[in-house]
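Thanks, everyone. Please have the sequence and the model open side by side. I'll go straight in.

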Amino acid sequence: MEISRVIDLFLFAIPSLITGIIAYYFFKEHTKNEDGRRRFLLKKDMQVNAMPLRLQAYERMALFLERISPSKLLIRITPTSSNKEDYESLLIQSIEQEFEHNLSQQIYISDKCWNIVTTAKNATIQLIRKASMLEKTDTANKLREVVLTEMMERRSPSDAALSFIKEEVSDLW
């Protein structure tokens with residue numbers, strides 16, 4: 001008689017266990033879906049708020065690259081004397097100041113983009129330094145002439161970085 005009673009209890013318990021297991025999985029999936037929905041909505045709100053900041057950072061980097069483009073830099077910054085070393089220092093100092101002014105923008109743009117911008121800045125500085133070291137460069141005006149001639153023969157580093165920024169911004173849409 002006891003075995004039949006245990007079997008009866010077991011048969012009564014099976015539907016309860018099945019219902020409990022189904023309820024557990026249902027609530028587990030429901031909680032997981034709600035958590036995912038909340039994360040999605042939060043991410044969506046963050047993107048709406050962050051997108052203007054990111055675009056502004058890309059704009060500032062584009063402006064920086066335009067300002068350090070050797071042809072525009074040399075037009076904007078004229079030599080104060082005929083000493084090429086003074087003019088070289090003035091140009092490099094101007095590039096560094098522009099860069100420091102835009103340093104905080106790196107948190108809004110990708111690491112790859114920031115590295116390309118930094119590389120363009122360093123390449124522009126190197127271009128000015130190499131032009132200054134040439135024997136034919138003996139005055140500040142000759143330095144300007146040599147750098148401008150160099151830019152006619154090849155693409156400036158800032159142009160390549162600017163192309164990358166345009167590509168990256170177009171990928172945001």
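Start with the largest nonpolar core, which has 34 residues. Which members touch the most other members? They are L65, Y87, L91, I109, C113, V117 and I165. Keep in mind that this is a predicted model.

Now, where does the core come from? Six helices give two or more residues to this core: α1, α2, α3, α4, α5 and α6. For orientation, α2 is 70-76, α4 is 111-133, α5 is 140-153 and α6 is 157-172. Which helix gives the largest share? That is α4, with eight residues.

Take V117, one of the residues that touch the most other core members. Leave aside neighbours within four places in sequence. V117 is then in contact with M61, F64, L65 and I165. Two of those names, L65 and I165, are also on the list of residues touching the most other members.

Next, helix packing. Look at α1, residues 2-68, and α3, residues 84-101. Their axes come within 10 Å. They cross at roughly 180°. An angle over 145 degrees counts as roughly antiparallel, and α1 and α3 are therefore roughly antiparallel to each other. Which residues make the contact? From α1, R60, F64, R67 and I68. From α3, I95, E98, F99 and H101. By class, that contact has four nonpolar, one polar and three charged residues.

Stay with α3, and turn to α5. Here the axes are 7 Å apart, and the packing angle is about 55°. That makes α3 oblique to α5. On the α3 side, the contact uses K84, Y87 and E88. On the α5 side, A140, L143 and R144. The classes here are three nonpolar, no polar and three charged. Y87, again, is on the core list.

E88 deserves a closer look. E88 sits in helix α3. Is E88 buried or exposed? Relative accessibility is 14%, so E88 counts as buried; the cut-off for buried is under 20%. What does E88 touch, beyond neighbours within four places in sequence? I128, R129, S132 and L143. One distance for scale: E88 and A50 are 38 residues apart along the chain, and their C-alpha atoms are separated by 39 Å.

Now a loop residue. S156 lies between α5 and α6. With 4% relative accessibility, S156 counts as buried. Not counting residues up to four places away in sequence, S156 touches S69, P70 and M151.

Compare two residues with other accessibility classes. S71 is in helix α2. At 28% relative accessibility, S71 counts as partly exposed. S71 and P52 are 19 residues apart in sequence, and 30 Å apart in space, C-alpha to C-alpha. Then D111, in helix α4. D111 has a relative accessible area of 62%, so D111 is exposed. From D111 to N141 is 30 residues along the chain, with 37 Å between the C-alpha atoms.

Last, the N-terminal annotation. The UniProt record, an unreviewed entry, places a "transmembrane region" at residues 6-27. What does the model show there? The span is 100% helix and 0% strand. Its end C-alpha atoms lie 31 Å apart. The annotation itself comes from the record.

To recap. The largest nonpolar core takes its largest share from α4. Helices α1 and α3 are roughly antiparallel. Helices α3 and α5 pack at about 55°. E88 is part of that second contact, and E88 counts as buried. I'll stop there.

Notes. Residues numbered from 1 in each chain as written. Predicted model: local features only at pLDDT ≥ 70, side-chain atom pairs only at ≥ 80, totals over all residues. Heavy atoms only, no water. Axes fitted to C-alpha atoms, helices over the stretch in contact; angles between N-to-C directions. Helix = DSSP H or I, 4+ residues; strand = E, 2+ residues; numbered from the N terminus. Parallel < 35°, antiparallel > 145°, perpendicular 65-115°, else oblique. Contact = heavy atoms within 4.5 Å. Nonpolar A, V, L, I, M, F, W, Y, C, P; charged D, E, K, R; others polar. UniProt positions renumbered as here; feature names shortened; annotations may be inferred. Core = buried A, V, L, I, M, F, W, Y, C linked by side-chain atoms within 4.5 Å. Buried < 20%, exposed > 50% of the residue type's maximum accessible area, 1.4 Å probe, protein only.
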